[in-house]
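Here's a walk through a two-chain model, taken one region at a time. Keep the structure open alongside and follow along.

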Amino acid sequence: MARREFLTGNEAMAEAAIAAGLRVFIGYPITPASDLFEYLAEKLPSYGGIVFQAEDEIASINALVGATYAGAKAMTATSGPGFSLMAESLGLAAMLEAPIVIVYNMRTGPSTGIATGTGQGDVMQSRWASHGHYGVVVYSPWSVQEAYNLVVKAFDTAWRLRVPTIVLSDAVIAHTRELAVVYEPGEVKVADRKPPREPPGEFKPFKPDPDDLVPPMAFYGEGYAVLAESLAHDERGYYTTDPENYERLVRRLEGKITRNKHHVVSSEARYTEDAETVIVAFGTLARSALALVKDLRKQGKKVGLWRPVSIWPLDEEGLSKAVEHADRVIVAEMNLGQLYREIARILGPTGRKIELVPVLTPELPGPDELLGYFEKAGVEI
Amino acid sequence: MTVQVPKLEYRHRVDDLLRTERLPHVWCPGCGIGITLQAFLRAVKALEAKGVVDRKQLVFVTGIGCTGRASGYVRLDGAHTPHGRPIAYAYGVKLANPKLVPVVFSGDGDLAGIGGNHLLHAARRNFDMLVIMVNNFNYALTGGQLAPTTPHGAYSTTTPKGNPERPMDVARLVAALGANYVARWSIHYPVHIEEAIKRALPRRGFRFIEVLSICPEIFGRHIGFRSPVDLYERLRKVSKVKKPKTLEEIKYDWENEITLGVFVDKDEPGYMESICSVYNYDWCNELPERRWSKQ
């Protein structure tokens with residue numbers, strides 16, 4: 001039964017993972033994600049799941065990939081430094097099409113930075129951390145409830161597309177307490193694997209279905225002798241340097257996300273129907289931005305907000321619709337311009353003025369403080 | 001003119017455990033990895049014949065390096081993971097489906113070098129998996145660089161004036177961390193390797209078998225033993241089978257003695273049973289390790 005609880009973002013994301021069918025959680029302590037781990041350590045075993053503390057984040061992510069191949073819904077939670085360590089095997093997960101879920105609570109970087117501060121400096125790292133070209137899906141919540149919903153959604157996307165999926169939250173969501181509606185396992189809809197349709201010997205573990213480009217998945221122990229090959233592989237999972245096979249593989253790793261975009265992308269537009277200026281912000285900063293938009297509306301200014309919920313890929317159609325009447329787009333984010341580059345890439349050719357408001361602080365600014373950063377950047381509003 | 005080549009219908013007794021369509025393999029003439037792999041496959045067949053294991057339970061996980069390429073040839077569930085990570089991958093396999101039996105098969109650079117942290121902690125936890133480490137004393141696939149196992153003074157491509165470092169005795173280290181089974185053999189003892197695997201595979205906890213191998217093409221050429229026979233004889237001369245009573249009696253000294261033998265053979269509860277002592281999971285009674293345990 002659905003119930004309302006007063007939870008931190010970390011607690012809500014842990015609850016969401018349980019509801020989504022989490023069987024294996026593997027973690028390593030890090031601020032601000034440790035309390036999600038601790039919550040699951042208390043609660044997950046009573047649902048039949050295992051919580052394991054790895055020796056480092058490198059072990060965490062490799063174990064997650066192994067866990068999904070053995071048939072379990074598996075998740076970890078980390079922050080920037082831990083995610084940096086996971087970079088190599090994020091590529092492994094993409095290459096093996098392992099449906100892992102990573103909760104990524106951003107803190108203030110770079111390096112050890114300010115461990116207890118918040119941040120949005122990892123937009124690019126969440127997408128491009130590993131070497132080579134591959135696909136991942138990244139969602140970013142702005143509230144505790146949305147953090148809950150997006151963790152459920154992340155499991156659905158990961159298993160539907162066989163793609164590593166990241167919930168890019170932050171230190172504010174992690175530790176803010178809000179009311180959230182939560183469910184029990186079986187009460188939320190999450191995709192399962194497509195099981196093999198051929199018998200062992202005929203089944204090819206990396207042969208995609210032509211419609212969605214996603215290969216059915218055989219689990220270990222089912223008699224299929226599945227080889228999870230980190231090298232470039234053909235449909236059998238056998239290493240090959242064949243250029244045509246390589247191109248087909250790499251195009252598909254990203255292409256299956258594009259092909260199934262309707263399952264993946266999501267965004268929200270507020271006050272954009274007549275907006276001449278649209279502020280783009282994501283995550284918790286979008287809450288301050290919305291408050292600022294409301295203040296500006298009271299002054300009669302035609303300002304709106306567009307907030308991406310899926311960061312990678314972005315809802316480009318939603319963005320284009322939101323800025324329909326706007327000749328100015330202002331991207332406010334807690335870094336020196338990462339999401340900005342994507343917005344500029346999409347809207348640049350339309351001739352609109354695209355401006356950046358960097359918000360470099362370890363604390364989430366309120367609307368008035370956010371306005372201060374507009375002034376600091378010389379962006380009039 | 002077309003030359004008709006008669007197709008040879010040669011079958012080896014372990015062929016059904018190999019992806020024979022992937023042969024020939026990448027390993028050099030004189031390499032000892034094949035001896036070790038065959039010992040493993042023979043052990044699997046012997047254990048299967050006795051009804052002790054089912055090949056469907058086994059997950060064969062390798063890392064990067066010459067030995068790591070073995071997963072491409074073995075017809076079992078498996079993974080070829082990034083460099084140093086097969087033990088980490090194996091954790092997830094076992095945690096997700098405790099009825100599976102992970103077997104890690106990799107090299108010294110992969111397991112003791114870049115993957116050393118996982119090796120330490122898997123042994124400390126007595127985590128239920130079998131690890132077979134083929135030690136060829138160097139990083140061979142990348143061209144003969146210094147490994148943590150390279151003997152002091154030995155030439156390698158990154159120590160052209162001789163290795164200034166002390167090597168790591170990996171088997172002794174794993175024994176010190178409390179693993180249930182630790183043995184070291186060399187490729188001169190293929191029957192002993194097979195017997196060790198037959199004993200260690202159906203066992204709870206962390207099991208570690210180091211196999212000293214010869215790499216004449218890469219390691220041997222830099223130290224003056226390019227002929228497989230010469231390197232084979234050189235390794236045999238220094239390898240001494242013993243029954244050490246203390247860890248201090250285990251030697252890893254290329255000039256005098258590298259101790260071979262079974263160093264630890266015990267049956268303490270592994271990680272999976274330890275969590276079953278805290279939580280009552282529905283799979284606890286179906287753990288293969290519980291069936292295999294002597295108690």
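## A strand shared between chains

Strand β1 (residues 58–62) of chain B and β2(B) run parallel, joined by four bridges. Within that pairing, B:Thr62 has B:His80 as its bridge partner in β2(B). Bear in mind that this is a predicted model.

β2(B) also picks up a partner from the other chain: strand β10 (residues 227–229) of chain A runs parallel to β2(B), with three bridges between them. Here A:Leu227 is matched with B:Gly78 in β2(B). As for the side chains, in a regular strand they alternate between the two faces of the sheet. In β2 (residues 77–80) of chain B, B:Asp77 and B:Ala79 point one way while B:Gly78 and B:His80 point the other, and all are buried.

## The interface

How much area do chain B and chain A bury between them? The figure is about 3100 Å², with 59% of it on carbon and sulfur atoms. B:Asp77, B:His80 and B:Tyr89 supply 19% of the area that chain B buries against chain A, more than any other three residues. Two of these names are familiar from β2(B), where B:Asp77 and B:His80 point opposite ways. Counted by contacts, 39 residues of chain B meet 43 residues of chain A.

## Helix α2 of chain B

B:Tyr89 belongs to α2(B), and is listed among its buried residues. The whole helix follows suit: eleven of the eleven residues of α2(B) are buried, so the helix is largely enclosed by the rest of the structure. The list includes B:Lys94 as well as B:Ile87, B:Val93 and B:Leu95.

One neighbour of helix α2 (residues 86–96) of chain B is helix α4 (residues 116–125) of chain B; the two pack with axes 8 Å apart, at an angle of about 40°. That angle makes α2(B) and α4(B) oblique to each other. On the α2(B) side the contact uses B:Ile87, B:Ala88 and B:Tyr91, which meet B:His118, B:Leu119, B:His121, B:Ala122 and B:Arg125 of α4(B). Sorted by class, that's five nonpolar, two polar and one charged residues.

## An open sheet in chain A

Over in chain A, five strands form an open sheet in the order β11-β13-β12-β15-β16, with mixed pairing. The edges are β11 (267–270) and β16 (353–358) of chain A, each pairing on one side only. From one strand to the next, the twist averages 20°.

Inside the sheet, β12(A) runs parallel to strand β15 (residues 328–333) of chain A, and four bridges join them. A:Val278 finds its bridge partner in β15(A) at A:Val329. Helix α12 (residues 339–347) of chain A packs on the sheet and touches β12, β13 (303–308), β15 and β16 of chain A; its direction makes about 160° with that of β15(A).

## Two buried spots in chain A

Just two residues to finish. A:Gly283 lies in the loop between β12 (277–280) and α10 (285–298) of chain A. Is A:Gly283 buried or exposed? A:Gly283 counts as buried because its relative accessibility is 1%. Beyond its neighbours within four places in sequence, A:Gly283 contacts A:Gln120, A:Ser140, A:Pro141 and A:Trp142.

A:Thr8 sits in strand β1 (residues 3–8) of chain A. With a relative accessible area of 8%, A:Thr8 is buried too. Leaving out residues up to four places away in sequence, A:Thr8 touches A:Val144, A:Ile173, A:Ala174, A:His175, A:Thr176 and A:Arg177.

Note on methods. Residues numbered from 1 in each chain as written. Chains lettered and ligands numbered in written order. Predicted model: local features only at pLDDT ≥ 70, side-chain atom pairs only at ≥ 80, totals over all residues. Heavy atoms only, no water. Buried < 20%, exposed > 50% of the residue type's maximum accessible area, 1.4 Å probe, protein only. Pairing = 2+ DSSP bridges. Contact = heavy atoms within 4.5 Å. Axes fitted to C-alpha atoms, helices over the stretch in contact; angles between N-to-C directions. Parallel < 35°, antiparallel > 145°, perpendicular 65-115°, else oblique. Nonpolar A, V, L, I, M, F, W, Y, C, P; charged D, E, K, R; others polar. Buried area = accessible area lost by both parts, 1.4 Å probe.
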